[in-house]
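Ready for some practice in reading a protein structure? Work through the exercises below with the model open beside you, and try each task before you read its solution.

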Amino acid sequence: MEDCIFCKIINGEIPSHKFYEDDLMIVIADIAPKANKHYLAIPKKHYKSFTDMTGDDAVNLGKCIKKVGEIAPSLGLENGFRFVINQGEDGMQTVPHLHMHLLGGQKLNEPNYNK
Ligand code: 5GP
Ligand code: ZN
């Protein structure tokens, strides 16, 4: 997908350190970390959100989520982590390529979304 920053990172057009990569996803550090450890697990296929995913995308996302569980200790998330997917305007999604935030490396505050 042209002009998608995550597609450019996935295809190497923008260099990045990939903590993990397989045929379905990459894991990189978030450029603006909101916790001691903040990774983005990004499916390689470009689609914006849950609304846009196909059945195959759903199956592959399930595989990615299982893999996240397996590699979490190697990312320093052995003590647990928060898993977040922001969707759309109210979800404050800023990059229109579905991705998973993995936050940890500390005990995380429980956000109050009404504040
Ligand atoms: P969203 O708000 O869409 O759920 O999350 C997008 C995330 O991507 C943000 O946390 C932002 O800091 C991160 N981000 C945006 N551009 C880049 C980039 O070029 N490199 C990396 N590593 N992260 C990025
Ligand atoms: Zn993309």
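A donor is an N, O or S atom within 2.8 Å of the metal. Keep in mind that this is a predicted model.

**Exercise 1. The zinc site**

Task: Find which residues are the protein donors of the zinc ion (ligand 2), and work out how they are spaced in sequence.

Solution:
- Step 1. Look for the atoms around the metal: SG of Cys4, SG of Cys7, ND1 of His46 and ND1 of His97 lie 2.0 to 2.3 Å from the zinc ion (ligand 2).
- Step 2. Write these donor residues as a pattern along the chain, and you get C-x2-C-x38-H-x50-H.
- Step 3. Now see what the site ties together. Cys4 belongs to the segment before helix H1 (5-10), while His97 is in the loop between strand E4 (81-84) and strand E5 (100-104); the two are 93 residues apart, so the pair links distant parts of the chain.
- Step 4. Check the surroundings: both Cys4 and His97 are buried.

**Exercise 2. The geometry of the site**

Task: Decide what geometry the four donor atoms of the zinc ion (ligand 2) have.

Solution:
- Step 1. Recall the rule: four donors count as tetrahedral if all angles lie between 85 and 135 degrees.
- Step 2. Here the angles among the four donor atoms are 104 to 117°, and the site is tetrahedral.
- Step 3. For reference, the ideal angle for four tetrahedral donors is 109.5 degrees.

**Exercise 3. The sheet**

Task: Trace the order of the five strands in the open sheet, and say why one side of E1 and of E4 is left without a neighbour.

Solution:
- Step 1. Walk across the sheet: the order is E1-E2-E3-E5-E4, with antiparallel pairing.
- Step 2. Look at the edges. Strand E1 (20-21) and E4 stand there with a single partner strand each, so one side of each has no neighbour in the sheet.
- Step 3. Follow the connection from E1 to E2, which is a hairpin through three residues. These two strands pair over two bridges, and Tyr20 has Val27 in E2 as its bridge partner.
- Step 4. Move on to the next pair: E2 and strand E3 (residues 37-43) are joined by five bridges in the antiparallel sense. One of the partnerships is that of Ala29 with Tyr39 in E3.
- Step 5. Ask how covered E2 is. Four of its five residues are buried, so E2 is largely enclosed by the rest of the structure.

**Exercise 4. At the surface**

Task: Classify Phe81, Asp3 and Met92 as buried, partly exposed or exposed.

Solution:
- Step 1. Use the cut-offs: buried is under 20% relative accessible area, exposed is over 50%, and partly exposed lies in between.
- Step 2. Phe81, found in strand E4, has 34% relative accessibility and therefore counts as partly exposed. Together with Ile65 and Phe83, Phe81 forms a nonpolar patch on the surface, with about 240 Å² of accessible area.
- Step 3. Asp3, in the segment before H1, reaches 68% and so counts as exposed. Its phi is positive, about 65°, although Asp3 is not a glycine.
- Step 4. Met92, in the loop between E4 and E5, counts as exposed because its relative accessibility is 62%. Met92 is not a glycine, yet its phi is positive, about 60°.

Methods:
Residues are numbered from 1 along each chain as its sequence is written. Chains are lettered from A and ligands numbered from 1 in the order in which they are written. This is a predicted model: local features need pLDDT of at least 70, side-chain atom pairs count only at pLDDT 80 or more; totals for chains, interfaces and linings use all residues. Side-chain values use heavy atoms; hydrogens and water are left out. Donors are N, O and S atoms within 2.8 Å of the metal (3.2 Å for Na, K and Ca); water is not among the atoms, so sites may look incomplete. Four donors count as tetrahedral if all angles lie between 85 and 135 degrees; four count as square planar and six as octahedral if opposite donors are over 155 degrees apart and all others between 65 and 115; anything else is irregular. Buried means under 20% relative accessible area, exposed over 50%, partly exposed in between (1.4 Å probe, protein chains only). Two strands pair if DSSP finds at least two bridges between them. Patches are made of residues with over 30% relative accessible area and no salt bridge: like charges are joined within 9 Å, nonpolar side chains (Val, Leu, Ile, Met, Phe, Trp, Tyr) within 5 Å. Accessible areas come from the Shrake-Rupley method with a 1.4 Å probe; for residues, only the protein chains shown count as cover. A salt bridge is a side-chain nitrogen of Lys or Arg within 4 Å of a carboxyl oxygen of Asp or Glu.
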